[in-house]
Amino acid sequence: MTEQKKVLIVGGGISGLTAAYYLQKEQKQKNLPLDVQLIEASGQLGGKIKTEKRDGFTIERGPDSFLARKESAARLAEEVGLGDQLVPNGTGQSYILVNGKLHKMPSGSFMGIPTRIRPFLFSGLFTPAGKIRASLDLMKPKKQVEGDQALGLFFRRRLGSQVVENLIEPLLSGIYAGDIDKLSLEATFPDFYRLEQEYGSLIKGLRKTRSISKPKKGEKKPSMFRTLEHGLESLVDAVEDKLAPGSVRKNTKVDHIERKPQGYHVLLSDGTVEEADAVILAVPHFQAQRMLSQFDFMDPFKEVNATSVANVAMAFDASAIKKDIDGTGFVVSRNSSFRITACTWTHKKWPHSTPAGKVMLRCYVGKPDDQDVVNLPDEDIVEIALNDLNKTMNITDKPDFSIVTRWYDAMPQYQVGHKDRLSEITEQMDKQLPGVCLAGGSYRGIGLPDCIDQGEAAVEKVLTSIKNNRI
């Protein structure tokens, strides 16, 4: 590579930041003739990662953590000098709210699928009939399915409706904020189908492939999650600080992208045009489609839904909580009349984030069939959360303060067929738009490590395209 190539990254969320960081790292280490520029529509990088400090509290307005077993997030933190600030969750016990009562998550379960019989049999989450139906997974023959299928359909076939509605659905909805009867198995948890095919049973398959040991008496459940001592936004700040001076342009929206005989013209909202040899679109699917609207193969993105969600963080004096419970929080079953979908006991999950003698509760609203709640005034959302919490935790005091955050069209729905649609779109992009690629939560995973993985993959794709003289 001798001729300088310009790579434009559109979108400054964690995927775009990752792509910019690793591309510039490659450029420096290998002395590559690359000009890497990042364009962000808002005035702040990080996308949904936003941390607020108030009265000694560290409050996450977006995601609060990432899965420890997905290594790319911790690796990025270490890369930018934050390895010593990684913090495990303070407690591992979580709960499910069913029929107005909090039930402990059965120990040994993975994504709601039981792997140890005794905790499952003694759980109050299920009736005897529900437990018998779930146990049929051990005997029920596997079913080969051509193509994709809905998560709900698959899990009901294996474990029955009660386990799905009281355990699996609340957990998965907490991740995807969607309807599991429409969400794609292949795009979310394809390994479960492979376990069924190989072992004839999800329970048998998980027992064989996952090390799920019972904690010894007095031992805490191993920490599954990590966060950063000073909030996840510290990762955004640290990555941004590592980027080359002058390589980030904020408050600039991309209107349109045109292919030219040599590279691309990227039309910006201020009327200027940026020329680029390669473009990484680290933006939601509907924005990518708008920027490339002249290409019909992008049209399927018009049909991909995205749900809106809101959360409210509420600070209390510890004396306000009459019924304190040790755990990370709870998720709510789909059959519940509660309007909140989950609650994190932040002071328990992340003790470092809350001053001594204080409590922080974070509640979530925005079911797929209750989207209007996101648009309610702040005080109404706070009241809804308090009314629901009072049914289980006996909270009668008003919070010292509350912070409501709304995320509109923030949760892309990986509906049945998502993987095939995405494959077709990316195949056409490779043919018609060499050097243009997608990265972010709309495509191949919505968690922080998934988005970071996609940023890294985009870097590899761009560098390969340059090496092979495709751009």
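Helices and strands are named here as runs assigned by DSSP, with helices spanning at least four residues and strands at least two, and they are numbered from the N terminus. The structure is a predicted model, and the features described below were computed from it.

**Residues with positive phi**

With those names in hand, M111 can be placed in the loop between β8 (101-104) and α3 (117-121). Although M111 is not a glycine, its phi is positive, at about 55°. N394, which is likewise a residue other than glycine, has a positive phi near 55°, and N394 is found in the loop between α13 (378-393) and β19 (401-412). The relative accessibility of N394 is 37%, and because values between 20% and 50% count as partly exposed, N394 belongs to that class. A further positive phi, near 55°, is taken by N99 in the hairpin of β7 and β8.

| Residue | Place | Phi |
|---|---|---|
| N99 | hairpin of β7 and β8 | near 55° |
| M111 | loop between β8 and α3 | about 55° |
| N394 | loop between α13 and β19 | near 55° |

**The hairpin of β7 and β8**

Strand β7 (residues 94-98) and strand β8 run antiparallel and are joined by 4 bridges. One of the pairings can be followed by residue, since the bridge partner of I96 in β8 is H103. Between the two strands of this hairpin there are 2 residues.

**Two helices that cross**

Which residues of α5 meet α6? From α5 (residues 151-159) they are L151, F155, R156 and L159, and on the side of α6 (residues 161-176) they meet S161, V163, V164, E165, I168 and L172. By class, this contact has 7 nonpolar, 1 polar and 2 charged residues. The axes of α5 and α6 come within 9 Å and cross at roughly 140°. An angle over 145 degrees would count as roughly antiparallel, and α5 and α6 are therefore described as oblique to each other. The crossing in which α5 passes α6 is right-handed.

**A buried tryptophan**

Is W350 buried or exposed? W350 lies in the loop between α12 (346-349) and β18 (358-365), and with a relative accessible area of 3% W350 is buried, because that class takes in values under 20%. Leaving aside residues up to four places away in sequence, W350 touches D64, S65, V87, P88, N89, F225, R226 and T227. One of these, T227, is 123 residues from W350 along the chain, yet the C-alpha atoms of W350 and T227 are separated by 8.4 Å.

Note on methods
Residues numbered from 1 in each chain as written. Predicted model: local features only at pLDDT ≥ 70, side-chain atom pairs only at ≥ 80, totals over all residues. Heavy atoms only, no water. Axes fitted to C-alpha atoms, helices over the stretch in contact; angles between N-to-C directions. Parallel < 35°, antiparallel > 145°, perpendicular 65-115°, else oblique. Left-handed = near helix turned anticlockwise from the far one by under 90°. Contact = heavy atoms within 4.5 Å. Nonpolar A, V, L, I, M, F, W, Y, C, P; charged D, E, K, R; others polar. Buried < 20%, exposed > 50% of the residue type's maximum accessible area, 1.4 Å probe, protein only. Pairing = 2+ DSSP bridges.
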